[in-house]
Amino acid sequence: MVYSLTYMPTFAVGELELVVLFVTLRLADAAYGAEIRRSVRDHTGREYSVGAIYASLRRLEDKGFVRSFESEPLPVRGGRSRRYFVLTTPGRSALRKAVLLKRRFWKDLTLEWQPR
Amino acid sequence: MMGDRFIWRLAVRSLTPDPYGKAILGDLIEERMEIARVDGAVAADRWFRRELLRSWLAFFPSLRFSARDACIAAFLALTAYLAAVNSAAPLAFTVSDKLQIIPDYHIDLIYLGAVAVIGGTTAYVLTCAGELAILRAAIFLGAGVVFGLQDMIASARAEFGFRVAKLIVFLAVALVTALLGLNRQPKSTGGGNLAT
């Protein structure tokens, strides 16, 4: 039996979680921790720690938005296996909903800002 | 520095049993190798230690730990506490006796300082000795016996019931933890000789 210090799971998607979902979708087969981190940095300009990225990924996996699997060890000397992440159908759906929501907000704001 | 090494070991030890923690260490080692290729080993080591600490702090609330890990951590804390409390009081009084100039109210400060130093050192030694399960089990049992004997001698003087009860609880915890320690296989940190 394992125990966790994390809070009760919710199915809302936070800001970093949304970015991680997006990046995981874009990276497709190459989505593992270090690559996701680099991609998040390139997209947001912020330097997150590996631990912060993995904490988000674990929350997303707990919510059922991503699933992970361990690869075979890399075919080099001392090669390690990597943990790869793939978006699930609920994950794609959550990403789509979040993007649509943001678009709707922006649309409303654009209308409000138009000169009269 | 001893403090650095302790925190570093603690971070690696707490991350390794968790599948995500293992992936974090793997990714950090991979990036470290890339940085070493570009900026040199010293810069890479510095980056690695800083990033490991950052990652550990960020990921710690998400760590999954087993009942066995919690038991071992509790025992480490208990052993460190007992070592500190049992040794700090005589030390504080000896120091204050030798140095007559120390006012009485400073004895408490010396006592607290000694508790911190002895407790911290014990925790450090126990954590480092954890590389070998059998050695850790022996240390746990040894610590249990030593503190148990100390308590037994003290119990002959006063507070018989309380001290015997404390001794029984302590030895039971020592035995359980030692048995758990025996079953615990040494795990790879994924870091090769970085762990030394």
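How many residue pairs are in polar contact across the interface of chain B and chain A? In this predicted model, the interface of chain B and chain A holds 11 such pairs, both residues of each having pLDDT 80 or more. On the side of chain B that touches chain A, at least two residues are supplied by each of α2, α3 (41-59) and β1 (64-66) of chain B. Helix α2(B) provides the largest share of this side, with 12 residues. By residue class, the side of chain B that touches chain A comprises 15 nonpolar, six polar and eight charged residues.

Taken as a whole, the interface brings 29 residues of chain B into contact with 28 residues of chain A. The two chains bury about 2500 Å² between them, and carbon and sulfur atoms account for 51% of that area. Five salt bridges are found across the interface of chain B and chain A. A salt bridge also joins the side chains of E34(B) and R38(A), with an N to O distance of 3.9 Å.

The packing of helices between the chains was examined next. Helix α2 of chain A (residues 33-44) and helix α2 of chain B (residues 19-39) have axes that come within 9 Å and cross at roughly 65 degrees. Because angles of 65 to 115 degrees count as roughly perpendicular, α2(A) is placed roughly perpendicular to α2(B). In this contact, α2(A) contributes G33(A), A34(A), R37(A) and R38(A), while α2(B) contributes D27(B), E31(B) and E34(B). Five of the residues in the contact of α2(A) with α2(B) are charged, one is polar and one is nonpolar.

A further helix pair lies within chain A. The axes of α1 (residues 15-27) and α3 (residues 50-63) of chain A come within 10 Å and cross at roughly 85 degrees; α1(A) and α3(A) are therefore roughly perpendicular to each other. From α1(A), the residues L16(A), E17(A), V20(A), L21(A) and T24(A) take part in the contact. Their counterparts in α3(A) are A52(A), I53(A), S56(A), L57(A), R59(A), L60(A) and K63(A). The contact of α1(A) with α3(A) consists of seven nonpolar, two polar and three charged residues.

Methods. Residues are numbered from 1 along each chain as its sequence is written. Chains are lettered from A and ligands numbered from 1 in the order in which they are written. This is a predicted model: local features need pLDDT of at least 70, side-chain atom pairs count only at pLDDT 80 or more; totals for chains, interfaces and linings use all residues. Side-chain values use heavy atoms; hydrogens and water are left out. Axes are lines fitted to C-alpha atoms, for helices over the stretch in contact, and angles run from 0 to 180 degrees between N-to-C directions. Helices (H or I, at least four residues) and strands (E, at least two) are DSSP runs, numbered from the N terminus. Angles under 35 degrees count as roughly parallel, over 145 as roughly antiparallel, 65 to 115 as roughly perpendicular and the rest as oblique. Contact means heavy atoms within 4.5 Å. Ala, Val, Leu, Ile, Met, Phe, Trp, Tyr, Cys and Pro count as nonpolar, Asp, Glu, Lys and Arg as charged, and the others, Gly among them, as polar. Buried area is the accessible area (1.4 Å probe) that two parts lose on being put together, summed over both. A salt bridge is a side-chain nitrogen of Lys or Arg within 4 Å of a carboxyl oxygen of Asp or Glu. A polar contact is a pair of N or O atoms within 3.5 Å; within protein, one must be able to donate a hydrogen and the other to accept it, and residues adjacent in sequence count only if both atoms are side-chain atoms.
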